[in-house]
Amino acid sequence: MASSLLTTPSQTLAPTPSAARARGSSPPAAAQVSFSSPRLPARRALRVRASVAIEKEVPENEAPTTFLREDGSGAGSGSVRERFEGMIRRVQGEICAALEEADGSGKRFVEDVWSRPGGGGGISRVLQDGNVFEKAGVNVSVVYGVMPPDAYRAAKGAAKNGAADGHKAGPVPFFAAGISSVLHPKNPFAPTLHFNYRYFETDAPKDVPGAPRSWWFGGGTDLTPSYLIEEDVKHFHSVQKQACDKFDPSFYPRFKKWCDDYFYIKHRNERRGLGGIFFDDLNDYDQDMLLNFATECAGSVIPAYLPIIERRKDTPFNEEQKAWQQVRRGRYVEFNLVYDRGTTFGLKTGGRIESILVSLPLTARWEYDHKPEEGSEEWKLLDACINPKEWL
């Protein structure tokens, strides 16, 4: 899943061409696009299908000790909510510190803190134009309130009426917390990484008698290289398997296949990358066990990824290899904006458009009818995206 848990409804992506095309000239063979995030409109509230007002986030000068409140949102109780928030905020700090060191540019993550009047808030951190990373975003959010029924369906994959017993669902009280990150290196031989770990609760939807309270965990870590280097992919998958095996030996094969299936770009008949692990709606185990599992997975990000970055960040490359990286990043954009379930949920619950668009690379490329030569290194990567492999 891409980016933060929340984004802003009714926003459109505003791609700006890197070079203006002269009037009347023929269309170029490839389009390279630079993605910039549109600013939020200056109004106090947005609406989702004119049914539930979504309040605009409020910038804050510094992060609070907790985004939870004492009025039942989970603060001070030792609850799963409180422990999960503590975990994601600790992991955010650890990963940002490790990435700054690996980048070696002396640049620091820029931090934006925001709150939601309806409940909760988040911390967005971005490092851009470093020595190693073109763009690295690490976001956390802890939000609660009510969501419209179409957002509930997007979050839960519920039936179309979103209700129990055939009743039409009303606004749904919810709690959602998560950490989400996308890391785009400059070097074409250094892979992009995405990870996201989240915890969700909903209370009974209004107007649905007897609907139960529910909770679930979701998340995963996946690798998206532009070139297939088996040493790197096997290392990455071995770390995912080690984390899974500490809890259940069935987790890795189950969640590896889930990842391959989830990150499928249907209109291209290929996967976004070379997989990893992915799970969602997970609540059929002990709650504490799943909290510990999510914590273990989040803690495995750095050992899974940074050794690969250290090996590949200085690999020489040419213009053709950089162009192929940009083509693959185009696929990344397509999946995130067309299929990603987290994006769908975020667009229907309100929040920060900057936090969702942080998942997009600075630049991407679309070439008309681009097909790599069979047997080439580019073809090998594409073949692995079309035909998922068992790496271990």
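How exposed is Asp129, in terms of its relative accessibility? In this predicted model, Asp129 has a relative accessibility of 44%, and because partly exposed covers values between 20% and 50%, the residue counts as partly exposed. Asp129 sits in the loop between β7 (120–128) and β8 (133–147), and its phi is near 55 degrees, a positive value in a residue other than glycine. Asn269 also has a positive phi, of about 55 degrees, although it is not a glycine; this residue lies in the loop between β12 (264–265) and β13 (270–271) and is partly exposed, with a relative accessible area of 45%.

From these loops we can turn to helix α5, which runs through residues 287–299 and reaches 18 Å from its first C-alpha to its last. At the start of α5, a side-chain oxygen of Asp286 comes to within 3.0 Å of the backbone nitrogen of Asp288, and among the buried residues of the helix are Leu291, Phe293 and Cys297. Glu296, by contrast, counts as partly exposed at 24% relative accessibility.

Side chains of opposite charge can pair when their charged atoms come close, and the structure holds 29 salt bridges. In one of them, Lys246 and Glu296 meet at 2.8 Å, N to O; Lys246 lies in the loop between α3 (230–245) and α4 (251–262) and Glu296 in helix α5, so the pair ties together parts that are 50 residues apart in sequence. Asp281 forms a salt bridge with Arg341, with the closest N and O atoms 3.0 Å apart, and because Asp281 lies in strand β14 and Arg341 in helix α8, this pair ties together parts that are 60 residues apart in sequence. Salt bridges that share partners join Arg198, Asp280, Asp281 and Arg341 into one network.

Technical notes:
Residues are numbered from 1 along each chain as its sequence is written. This is a predicted model: local features need pLDDT of at least 70, side-chain atom pairs count only at pLDDT 80 or more; totals for chains, interfaces and linings use all residues. Side-chain values use heavy atoms; hydrogens and water are left out. Helices (H or I, at least four residues) and strands (E, at least two) are DSSP runs, numbered from the N terminus. The expected span of a helix is 1.5 Å times one less than its number of residues. Buried means under 20% relative accessible area, exposed over 50%, partly exposed in between (1.4 Å probe, protein chains only). A polar contact is a pair of N or O atoms within 3.5 Å; within protein, one must be able to donate a hydrogen and the other to accept it, and residues adjacent in sequence count only if both atoms are side-chain atoms. A salt bridge is a side-chain nitrogen of Lys or Arg within 4 Å of a carboxyl oxygen of Asp or Glu.
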